[in-house]
Amino acid sequence: MSDLADLASKLFHADSDFHPKILPTEKRVRGVLNGEWIFDTTEALMVWEVKWFPSYWIPRKDMLPTAKLVDDQPISGIQSSTSKLYVGDKWVTTLLVPDSFNSPLAGYVKIEAKALDAWYEEQSQVLYHPKDPFHRVDILPSGRHVRVQALDGTVLADTSDQGGVRALFETNFPARWYLPRTAINWSYLRPSDTKTGCPYKGQASYYDAVIGDKVIKDVAWWYPNPIMESYEVTGLLCFYPDKVKTLVDGKDITKNGIKLPVIAKQDDADVDKPATPIDIIVTPQTNHDLVDLQKENLNPSVIDSNDPSMAQLLATLESTSISKSNINSTSMNSNHYPAQDQDQDQDQVMNSIDSSSPQDDLIEILSTPDRGLGVFARRKIKAGKLVLAERPLLRLSKEEENDSDAIECEFDNLSHADQKLYLQLFDAQKSRMTRVTSIYYSNCYNLDSFRPDGKGGSAVGAIASRFNHSCVPNLQLSFNFDKNLMMFYAIRDIPRGKEVCTNYEKNVFDAAVNRRRRLQMYYGFTCQCEACLGPAKNEFWAKSDQRRRAMFEAFKTIQECEKGYMASVVAADVKTEDSDPPTQSVNIAKEALAALVKLESLLVKEGLNGVVLTNTYRSLSKWSERLQDYPQAARWKEKEEINSLHGLGPHAFRTIECDKKIKELVKRADESGQY
C-alpha cells in the first residue's frame with residue numbers, strides 16, 4: 001500500500017481514531033508541475049498529518065485545466081482510490097477525497113509536497129514544507145559566553161568577551177547558540193558536502209572537525225543565505241551539542257541542558273566592538289505573545305520600547321486604553337537643545353517626576369473608529385523632543401526577571417493603588433504561571449540594550465501603553481537607569497492631531513503584505529498605516545514596498561562586503577589599524593559605502609528615522625574609518641550622534657560614546673594631516 005493509501009486509511013477507515021488538526025488559510029496557494037500551474041486557490045486547508053508541520057490540501061474545484069486527475073488504485077477498506085495527476089507526459093500520485101465523504105476534507109486533493117516542481121504562498125516559494133503558524137523562531141542577540149570543545153578538550157570555538165552570539169529559540173527544540181566566525185578555531189574545521197533544509201531558516205551547509213586523525217562529521221552548520229526572517233544568523237556557526245561539549249556561561253548544555261528562559265531577552269553587542277552590517281537588523285524588544293486591541297477597561301497597559309543597541313531597532317507594543325489617575329508619569333514639551341543644555345533641561349524635569357499627573361501634556365488619548373483608543377499629539381512636536389517620561393511600575397534585574405518569586409515580591413511591595421493598576425494590565429494568560437507573573441511576562445520591556453554591559457533587566461510601564469503600531473513610527477524609547485525612567489522621544493516632527501505610534505514589526509524591509517500578515521497573526525489587527533495602505537493612500541506610499549525591497553538589497557550587499565572585507569584583511573595579514581588597507585579591501589569598502597549611502601537615502605525618504613538609521617550612520621563611519629578617511633568618518637559619526645540624541649536622548653550611553661569617538665577620529669585626522 002502506498003503512503004497516500006496508508007494516509008487515506010488512517011483518515012477515513014471506520015475503525016480509525018486518527019483526527020488530525022485541520023485549519024483553513026486565506027493564503028493564495030499555487031503549484032507547478034512540468035512547468036505548468038496546476039492549481040490556484042485561496043481555500044486550501046492546512047492538515048497536520050504529522051505533529052511537526054502541516055501539509056496543504058487543495059480543493060478539487062480549484063485545479064486548473066492543465067491538470068488531469070485519473071483514478072488509479074482502489075484503497076482497501078474505504079470507498080476511494082488514489083489518483084494520478086497528469087500534466088502533459090508527467091504524472092504524480094494524489095489522493096482525491098470524494099464529495100460524498102463525511103469529512104472536512106471531502107472534495108479536496110492531497111499532493112505530496114515533494115511531488116511538485118514548486119509550491120507558492122502568494123508570491124513566495126514554499127521551502128521544504130509549509131510553515132506551521134504555531135511554530136515560532138526567535139533570534140536574539142546574547143551576551144552569554146559560549147565555549148565549544150571536542151570531547152578530548154580541543155577548543156573549537158570560544159566567544160570570550162567579544163559578543164556577537166545569537167541565541168535561537170525555536171518551538172519544540174532546545175536553544176541553539178550561533179557563534180560569530182571570529183570566535184571559531186578554523187584550524188580544525190573543513191567544509192562538508194552535507195546540505196540540509198529548514199522552511200524557517202533556509203538551506204544549511206556543514207563543517208567537519210578534523211583533530212589529528214579523528215574526524216567529527218558535520219559537527220557544525222551555518223546558513224550562507226538564510227530566508228529573511230532568519231537573516232540574523234547569516235554566516236554564524238552552530239555546533240551540535242551531542243557531538244561536542246558546549247558550555248554556555250560555564251554550564252555544559254550537553255549534560256545538563258539549559259532551561260529555556262520564560263522571558264525572552266536581548267543582549268546588546270559589546271560597545272567596543274566595531275559595528276558590522278548586522279547593526280542594521282531590526283527586531284522587537286518586548287515579550288508579548290498576544291495583543292488585545294479591543295480592551296474595554298480604561299486602564300493602562302504596556303509601554304512602547306525602541307532599542308538603541310548597535311544591532312537592533314526595538315519596537316513592539318500593544319495598543320489599548322488609558323487612565324491618567326494614579327500614574328507616576330510626566331509628559332513634556334521641552335525644545336531640542338545642544339546636548340549640554342538639553343541635559344540641564346531634562347534633569348530639571350526628571351527631578352520633578354514625583355507628581356501624579358503630567359505637568360504639560362503634549363499628547364491625549366482619543367477613541368479611534370477602527371483600533372480602539374490611540375495617542376495623539378495635542379500640538380506640533382519637533383523631532384528630538386522628550387514626549388513622555390515614566391517610572392516603571394515594576395523593574396527587575398537581569399538575575400531576577402526569570403524568577404516568579406522575585407516578581408511576586410516586587411508586586412507585593414507596590415501600593416494598593418498601584419497593585420490595582422497593575423492587575424488591570426493586559427494578561428496573555430500564560431500557562432503554569434500566577435496572574436501576577438503572567439501579566440509581567442505579557443507586558444515587560446527588555447532594557448538590556450540600554451546598558452553597555454547588556455544587563456538592564458526588564459520593566460513594566462503604565463501610561464504610554466496606548467501607543468498603536470505604525471510601520472513608519474514617530475516615537476522611540478530610551479531608558480535612564482540613573483533616574484529609573486522610560487523616556488519616549490519623537491524621532492520625526494509630529495503634526496498637531498497626528499497619532500503618536502511606535503513599531504511592533506521587526507522586519508522593516510519586508511513587503512506590506514507580509515508585515516500585515518504577521519501583525520494579524522501575532523497581534524490581531526490589520527495595519528492601516530501609510531506604508532501598508534500604499535496605493536490606497538497616495539502615489540508616494542504606493543512605492544513603499546519598492547523602497548523597502550531596495551533597502552533589503554542594499555543590506556545584503558553590505559553583508560557580503562563585510563564577509564569579503566574580513567577575508568581580504570586576513571589574507572593580507574594586516575597588523576594594525578594604521579596599516580594601509582589592501583587594494584581588494586579598499587574596493588570592497590567603497591562598494592559597502594555606496595550601498596550604505598543608498599540605504600540611508602531610502603530610509604530618510606521612507607521616514608524610518610529611528611535606530612535603524614542611526615545604525616546606518618554608524619556603519620558609514622566604520623567603513624570610512626576602514627578607508628582611513630577620518631574626516632568623513634567623523635562627519636558620519638556626527639550624524640549618528642544627532643540621530644541618537646533625537647531618539648535616545650543625551651543621557652544614553654550610545655550618544656555619549658558617539659561624542660568620544662568623534663574626538664578620537666578628529667585627533668587621528670589631525671595626526672595624519674587630513675585636516
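## Starting at helix α1

Which residues of helix α1 are buried? In this predicted model, they are Leu4, Ala5, Leu7, Ala8, Ser9, Leu11 and Phe12. That makes 7 of the 10 residues in the helix, which spans residues 3–12, so α1 is largely enclosed by the rest of the structure.

## The strands around β32

Now look at strand β32, residues 485–490. This strand is mostly covered, with 6 of its 6 residues buried. Leu485, Met487 and Tyr489 point one way from the strand, while Met486, Phe488 and Ala490 point the other way, and all of them are buried.

What does β32 pair with? Strand β31 (residues 475–480) is joined to β32 by 6 bridges, and the two run antiparallel. Strand β26 (residues 386–390) also pairs with β32 in the antiparallel sense, here over 4 bridges. Phe488 is a handy spot to see both pairings: Leu477 stands opposite this residue, and so does Leu388. As for the turn, β31 and β32 form a hairpin with 4 residues between them, and Asn484 in that turn has a positive phi of about 55°.

## A hairpin at β21 and β22

Strand β21, residues 245–248, has pairings to look at too. It pairs with strand β13 (residues 146–149) in the antiparallel sense over 4 bridges, and in that pairing Val146 has Val248 as its bridge partner. Strand β22 (residues 251–252) is joined to β21 by 2 bridges, again antiparallel, with Leu247 standing opposite Asp252.

The β21 and β22 strands form a hairpin with 2 residues between them, and Asp249 there takes a positive phi near 50°.

## A sheet with open edges

Three strands make up an open sheet in the order β27-β29-β28, with antiparallel pairing. Why is one side of β27 and of β28 left without a neighbour in the sheet? These strands, β27 (394–396) and β28 (445–446), stand at the edges and each has a single partner strand, so there is nothing in the sheet on the other side. For β27, 3 bridges lead to strand β29 (residues 458–460), and one of the residue pairs is Leu394 with Val460.

Follow the chain on from β27 and you come to Glu399, in the loop between β27 and α3 (404–412). Glu399 counts as exposed because its relative accessibility is 62%, above the 50% cut-off. Together with Glu400, Asp403 and Asp405, Glu399 forms a negative surface patch.

## Salt bridges, buried and partly exposed

The count for this model comes to 34 salt bridges. One of them joins Asp40 to Arg28, with the closest N and O atoms 2.7 Å apart. It links distant parts of the chain: Asp40 is in strand β3 (residues 36–41), and Arg28 is 12 residues away in the loop between β1 (22–24) and β2 (29–33). Both ends are partly exposed, with Asp40 at 28% relative accessibility and Arg28 at 31%.

Glu232 and Arg166 form another salt bridge, their closest N and O atoms being 3.8 Å apart. Here the partners are 66 residues apart: Glu232 is in the loop between β19 (214–222) and β20 (237–239), while Arg166 is in strand β15 (residues 165–170). Are these two buried or exposed? Both Glu232 and Arg166 are buried. Elsewhere, Lys556 and Glu553 meet in a salt bridge at 3.5 Å, N to O. Both lie in helix α9 (residues 544–572), 3 residues apart, which is about one turn of the helix. Lys556 is partly exposed at 31% relative accessibility, and Glu553 is partly exposed at 31% as well. There is also a network of salt bridges, linking Arg618, Lys637, Glu640 and Arg654.

## A buried tryptophan

One last stop is Trp177, in strand β16 (residues 176–179). Trp177 counts as buried because its relative accessibility is 5%, under the 20% cut-off. In sequence, Trp177 and Pro241 are 64 residues apart, while in space their C-alpha atoms are 9.7 Å apart.

Methods: Residues numbered from 1 in each chain as written. Predicted model: local features only at pLDDT ≥ 70, side-chain atom pairs only at ≥ 80, totals over all residues. Heavy atoms only, no water. Salt bridge = Lys/Arg side-chain N within 4 Å of Asp/Glu carboxyl O. Buried < 20%, exposed > 50% of the residue type's maximum accessible area, 1.4 Å probe, protein only. Pairing = 2+ DSSP bridges. Patch = residues over 30% accessible without salt bridge, like charges linked within 9 Å, V, L, I, M, F, W, Y side chains within 5 Å. Areas by Shrake-Rupley, 256 points an atom, 1.4 Å probe, with all protein chains shown as cover. Lys, Arg positive; Asp, Glu negative; His and termini not counted. Charge placed at Lys NZ, Arg CZ, Asp CG, Glu CD.
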